[in-house]
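Reader: I'm in my first year and still learning to read protein models. Could you take one part of this structure and walk me through it slowly?

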Amino acid sequence: MQHLRALEDQSVYILREAYKHFDHLAMLWSFVSQGSLWASRSSQCAVRLSNGNPFIGGGLASAGTWEIRDGNGGFISNGSFWASRDLSFTCSLFLNGNVFVAGGTANLGNWEIRNARSLSE
């Protein structure tokens, strides 16, 4: 039991020291903006595009749609997926900037690739 107590003491020490050094970082974060999405979303996916804009898609309330916002939350563009993307789907960003979207309980066996550059124009 002595070794567990020593380990616990060491963990508490590490956390205390980390707090001392990083407590001031919380002051660097501040509220930037807020607003409404183009469509209601729940269980959606989001990917940060190579230009920094968020690609937001699917979800229970808007399974067949996607939208792109700018860094301040402003609307850039929107559209429809090839297939409905409700739950259990994923979005991934390819190195070439395209967005890979796959799955969804309504469309388990299909996928699509979106050209993010043309979506953002």
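Author: Happy to! A disulfide is a pair of cysteine sulfur atoms within 2.5 Å. Put another way, a disulfide is a covalent bond between the sulfur atoms of two cysteines. Keep in mind that this is a predicted model.

How many disulfides does the structure hold? There is one, and the cysteines it joins are Cys-45 and Cys-91, with 1.8 Å from S to S. That distance fits the 2.5 Å cut-off. Look along the S-S bond of Cys-45 and Cys-91 and you will find an angle of -50°, which makes the link left-handed. Now find the two ends in the sequence: Cys-45 belongs to strand 1 (residues 45-48) and Cys-91 to strand 5 (residues 89-93), so the link ties together parts that are 46 residues apart in sequence.

Are these two cysteines buried or exposed? Cys-45 is buried, and Cys-91 is buried as well. Both also belong to the largest nonpolar core, which has 12 residues. Alongside the cysteines, its members include Val-47, Leu-49, Ile-68, Phe-89, Val-99, Val-101 and Ala-116. Strand 1, strand 3, strand 5 and strand 6 (99-103) are the elements that give two or more residues to this core. A general idea helps here: in soluble globular proteins, nonpolar side chains tend to be buried together.

Some core members have rings. Phe-55, Trp-66 and Phe-81 are in the core, and these three form one aromatic cluster. The count of aromatic pairs in the model comes to four.

Let's follow Trp-66 outwards from the core. Its bridge partner in strand 4 is Gly-79. Strand 3 and strand 4 run antiparallel and are joined by five bridges. They are part of an open sheet of four strands, in the order 1-2-3-4, with antiparallel pairing. Which strands stand at the edges? They are strand 1 and strand 4 (75-80), and each has a single partner strand, so one side of each is left without a neighbour in the sheet. From one strand to the next, the twist averages 15°. Notice that strand 1, where Cys-45 lies, is thus met again as an edge of the sheet.

Strand 3 has one more thing to show you. Side chains of opposite charge can pair when their charged atoms come close. The model has four salt bridges by count. In one of them Glu-67 pairs with Arg-41, and their closest N and O atoms are 3.0 Å apart. Glu-67 lies in strand 3 (residues 65-69), while Arg-41 lies in the loop between helix 1 (2-22) and strand 1, so this pair ties together parts that are 26 residues apart in sequence. Glu-67 and Arg-41 are both buried; for Glu-67 the relative accessibility is 0%. Glu-67 also forms a salt bridge with Arg-69, again with the closest N and O atoms 3.0 Å apart. Arg-69 is buried too, at a relative accessible area of 10%.

For another salt bridge, look at Arg-114 and Glu-112, whose closest N and O atoms are 2.9 Å apart. Arg-114 counts as buried at 17% relative accessibility, and Glu-112 is buried with a relative accessible area of 6%. As for Arg-41, Glu-67 and Arg-69, salt bridges that share partners join them into one network.

Terms used
Residues are numbered from 1 along each chain as its sequence is written. This is a predicted model: local features need pLDDT of at least 70, side-chain atom pairs count only at pLDDT 80 or more; totals for chains, interfaces and linings use all residues. Side-chain values use heavy atoms; hydrogens and water are left out. Buried means under 20% relative accessible area, exposed over 50%, partly exposed in between (1.4 Å probe, protein chains only). Rings of Phe, Tyr and Trp (its six-membered ring) pair if their centres lie within 6.5 Å; planes under 30 degrees apart count as stacked, over 60 as edge-to-face and the rest as tilted. A salt bridge is a side-chain nitrogen of Lys or Arg within 4 Å of a carboxyl oxygen of Asp or Glu. A nonpolar core is a set of buried Ala, Val, Leu, Ile, Met, Phe, Trp, Tyr and Cys residues joined through side-chain atoms within 4.5 Å. Two strands pair if DSSP finds at least two bridges between them. Axes are lines fitted to C-alpha atoms, for helices over the stretch in contact, and angles run from 0 to 180 degrees between N-to-C directions.
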